[in-house]
Amino acid sequence: MKVVAFKRELQGTGASRRLRNSGQTPGIIYGGTEAPVTIALDHNALYHALKKEAFHGSVLDLEIDGKVQKVLLRDFQMHAYKQLVLHADFQRVDANQPVHVKVALHFENAEVSPAVKLHGATISHVANEIEVSCLPANLPEFIAVDLTNMDVGTTLHASDLKLPEGVTIVTHGADITVATASVPAGQVSAEAAAEEKK
């Protein structure tokens with residue numbers, strides 16, 4: 001994805017306010033061997049880009065004065081109640097250095113799993129994203145979580161996920177729970193009552 005930005009000379013609260021009033025959002029690019037650069041981005045383009053999942057977990061082409069840099073969106077601040085992006089932080093990436101990024105999880109095939117199909121269970125998504133480490137070129141847009149074999153009482157962990165080549169999960173020492181399958185409490189008691197009547 002491509003993002004167009006402009007170098008920002010003036011800094012400070014007043015300058016940022018004037019920038020926002022003119023339909024732009026202040027930001028910064030840091031990391032790598034170059035010094036941090038303060039930038040301005042078109043607010044509406046950035047606001048709509050932030051709604052796209054890929055914008056958060058992809059290496060972006062950030063163009064400043066005709067020069068393109070590879071970056072990751074690292075942080076952004078939204079206004080408390082207005083639909084307004086206050087600031088965005090981008091980090092330069094080196095093609096030869098691994099990056100740590102949170103990637104969205106896409107849950108698939110829940111409806112054909114024994115938990116749902118045979119037992120009417122609910123599959124709870126405990127995690128919606130997971131932190132991975134990989135070279136920028138290997139960064140996946142999302143990781144698919146196949147729920148085909150989920151049954152009641154089973155738990156899917158980070159270690160059970162099929163990862164794209166060159167991608168590892170950063171777990172910080174814990175095998176994170178990704179999904180669980182359980183029968184709703186009301187349904188269990190109704191089934192038990194039906195059994196007793198027989």
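This briefing describes two pockets and one sheet in a predicted model. Residues are numbered from 1 along each chain as its sequence is written, and side-chain values use heavy atoms, with hydrogens and water left out. Because the model is predicted, local features need pLDDT of at least 70 and side-chain atom pairs count only at pLDDT 80 or more, while totals for chains, interfaces and linings use all residues.

**Pockets**

- The largest pocket (an open set of points on a 1 Å grid over the protein atoms alone, where a 1.4 Å probe fits, with protein on both sides within 12 Å along at least five of seven lines) holds about 310 Å³ of space, a volume being the space filled by probe spheres set on the points.
- Its lining, meaning residues with an atom within 4 Å of a point, has 16 residues, and the closest to the pocket's centre are H56, G57, K102, V103 and E129.
- Strand β7 (strands are DSSP runs of E, at least two residues, numbered from the N terminus) gives the most to this lining, with 5 residues.
- The second largest pocket has a volume of about 210 Å³, and the largest share of its lining, 3 residues, comes from strand β10 (residues 142-146).

**Sheet**

- An open sheet of 4 strands has the order β10-β7-β9-β12 with mixed pairing, where two strands pair if DSSP finds at least two bridges between them.
- Strands β10 and β12 (168-169) each have a single partner strand, so one side of each is left without a neighbour in the sheet.
- Strands β7 and β9 run antiparallel and are joined by 6 bridges, and V99 stands opposite C134 in β9.
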